[in-house]
Each structure stands twice: as structure tokens, then as C-alpha cells.
Amino acid sequence: MAVLHSQVLRPGGFSELFPAWARYPDAVLFAGGTSLIRSQGQELPKLPDNILSLEKIDELHRITRTERYLEIGAAVKLSDIIALGKTVPGAFSSTLLGIASPPIRNLATIGGNLCVCGDATAPMAALDARYELRSAGGIRWISANRFSSLPVNLSPQEMLSRIRIPLEQWTYTIYRKFHALTENDGGVLLMLIQNQKDILVKIQIVFAGKTLFRDKNSETYLEGKALPLDRKDAFHYRDLWKTYLEGLGKPGPLLRSKIINGIEAGILGLAD
Ligand SMILES: Cc1cc2nc3c(=O)[nH]c(=O)nc-3n(C[C@H](O)[C@H](O)[C@H](O)COP(=O)(O)OP(=O)(O)OC[C@H]3O[C@@H](n4cnc5c(N)ncnc54)[C@H](O)[C@@H]3O)c2cc1C
């Protein structure tokens, strides 16, 4: 039988989605559609020839919470995550509130955002989230840190189906969004700090823009130090990040100085 073109397919479950994808290998997953039509400018947006809509797959719309994790289906809208309120780690909700405007957030999904390495990449990496990826062949899990630059770590005809976020208590969360002045200098900087009494026990800093930056080596430097921090330690920590970014040879000088200034301001806020 001849294969028809220009189809909008609405599978009712994974058991329908993957056979449909095999039949239309060029089909593009359509979640909220906001990224697919972004920046087109013309009155009628141009859509891919064949579309696989995720709207009717119940599992992709599920949210569950256990004592240790929050699990979110990939097709959950950003606004529905925000509406969960205090269940959502502060780093995640602050980032979602910084994305576009409420009408866009009512359409846009978390899976769509992560698959285009949007702003939600930063809290997912900082919170050590893991992603469930599905294909006709089965399921695999991947850390958010390994799914954070374009093209994302998906095999052909594989999709992001679920996000698992550890629920840890963070004492301070610092969120900064750098709006892009040029194509390459936007992104989200997140600093998560956990202390017990006057001791800093954990710090995780992530910048996600075109590329994800996280210096796991420097994270241990401040752990166990008394709060407020000694200013010398705070400046040394900033310098570790400087050395890390200079060693990578990216990002460019403008974004590098924005990240370093953001980290310096955040860390000095913990110093006397
Ligand atoms: C005016 C405007 C402002 C915006 N501002 C921001 C902003 O501030 N920050 C930001 O991060 N983004 C922004 N965006 C981009 C976009 O809206 C978001 O990134 C959004 O979350 C994308 O989600 P979606 O569900 O609409 O994705 P879609 O457009 O449906 O899909 C995006 C891509 O991901 C693929 N995809 C979708 N779901 C899956 C899945 N589960 N598995 C595998 N692949 C999948 C699609 O095939 C497509 O290639 C903006 C967009 C607009 C129009």
C-alpha cells in the first residue's frame, strides 16, 4: 500500500506511536508546537510534512510524587508544573516562570523544552534529574547532564518520555537568566546551596545555554566550610570557575564574564 504524505497522526499510546513512526520515519514529534513554529514570522506557520502528536498518550501527561522523587511525563505543560506549587523544587519553578509568557507556557511542554535544550535544561542538570527515553526497542535512562547540548542524546525514533527529579531540600537557590544579546550569550545560571546550621554541606552550580557548564571538581572545594564564608574562599571559588571555563576555551568572553560575575555575586552573598 502506498504511504500517504502530510499526515497528522494522534497515537493513543506507545504501542501505536512506534509502529506509526516506523511507517512514517520522517514524522516529527509534536508536543506543544511552540518551538516548531518559533521565529517563523509569516501569517501561517510552516509545519513538518508528517506530524506525530503526543497529545493523546496518557502516560506522557502523568505527574507522580514519591517521598524521594517527582516524576513528570514529557508532555506535561510548563504551566501545569508551575501550578504544583511547593512540590516543585525552587530552582525548577523559578526557571519555568522565566520562560516566555503564560500563554506560551500553557502550550509548551517540559519534554519539548528539554529536547531543544531550553531553559529547563539548567534546573534538570543542577538537580541531577534523570530522563526516561523510549523507542520501539524498549526503555533506557540517561542523566540530565548527558542530555544538555544540541543535538540531544536521542537515537533515531527515540523519544523523551519521563523526567525523574530527586526531591532534596536546598537552603538557597539563586536563579539568573541572561537574555541573549547575540545568538550565543543567553542562558540560565543556577546555584543551589545546602547548609546544616552554619556549615555549607553541598553546592551545585550550573550554567545552561548553548552548552551546559558544570564544574564538578570545584563543587567540593566549599563543602564543609563554615558560613558565612571567608571572602578569600569565595574569591578562590570564583577563580576555580574562571580557570575551568578558560580551560574549556568556551564560552566567548562576553558570556564568560556574565557567568563569572553571576557566580561571584552569588558566592559573595554567602561571605562575611
Ligand atoms: C515567543 C516564544 C518565546 C519563547 N521563550 C522561551 C524561553 O524564554 N525559554 C525557553 O527555553 N524556550 C522559549 N521558547 C521556546 C519554546 O517555547 C520552549 O522551549 C517550549 O518548552 C518547547 O516545548 P513544546 O512542547 O512547544 O515543543 P515542540 O515545539 O512541540 O517540540 C520541540 C522539538 O522537540 C521535539 N520533541 C517534543 N517533545 C518531544 C519528546 N517528548 N521526545 C522527543 N522529542 C520531542 C519536537 O519534535 C521538536 O523538534 C519560546 C518560544 C516562543 C514561541
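1. Start of helix α8. In this predicted model, a side-chain oxygen of D230 reaches to within 2.8 Å of the backbone nitrogen of K232 at the start of α8. K232 itself is exposed.

2. Length of α8. The helix covers residues 231-248, which makes 18 residues. At 1.5 Å a residue, these should span 26 Å, and the C-alpha atoms at the two ends are 26 Å apart, so expectation and model agree.

3. Buried and exposed residues of α8. Seven positions are listed here by name: D233, A234, Y237, R238, W241, Y244 and L245 are the buried residues of the helix. Viewed down the helix axis, these buried residues fall within an arc of 145°, and they therefore line one face of α8. On the other side of the helix, K232, T243 and G247 are exposed.

4. Packing partners of α8. The buried residues of this helix pack against two strands, β11 (199-208) and β12 (212-213). They also pack against two helices, α7 (216-222) and α9 (253-268).

5. End of α8. The residue that follows the helix is G249. Its phi is positive, near 75°.

6. Cis peptide bond before P228. L227 and P228 are joined by a cis peptide bond, with omega about -5°. P228 is placed in the loop between α7 and α8. Of the two helices that flank this loop, α7 is also among the elements against which the buried residues of α8 pack.

7. Cis peptide bond before P151. The peptide bond from L150 to P151 is likewise cis, and its omega is near -5°. P151 belongs to the loop between β7 (138-143) and β8 (158-166).

8. Positive phi at Q157. The loop between β7 and β8 also holds Q157. This residue is not a glycine, yet its phi is positive, near 55°. With a relative accessibility of 27%, Q157 counts as partly exposed. A reader inspecting this loop may thus consider two features together: the cis bond that leads into P151 and the positive phi of Q157.

9. Positive phi at A100. A100, although not a glycine, has a positive phi of about 45°. The residue lies in the loop between α3 (90-97) and α4 (102-105). A100 is exposed, its relative accessible area being 52%; the cut-off for this class is over 50%.

Note on methods
Residues are numbered from 1 along each chain as its sequence is written. This is a predicted model: local features need pLDDT of at least 70, side-chain atom pairs count only at pLDDT 80 or more; totals for chains, interfaces and linings use all residues. Side-chain values use heavy atoms; hydrogens and water are left out. Helices (H or I, at least four residues) and strands (E, at least two) are DSSP runs, numbered from the N terminus. The expected span of a helix is 1.5 Å times one less than its number of residues. Buried means under 20% relative accessible area, exposed over 50%, partly exposed in between (1.4 Å probe, protein chains only). The arc is that of the directions from the helix axis to the C-beta atoms. Contact means heavy atoms within 4.5 Å. A polar contact is a pair of N or O atoms within 3.5 Å; within protein, one must be able to donate a hydrogen and the other to accept it, and residues adjacent in sequence count only if both atoms are side-chain atoms.
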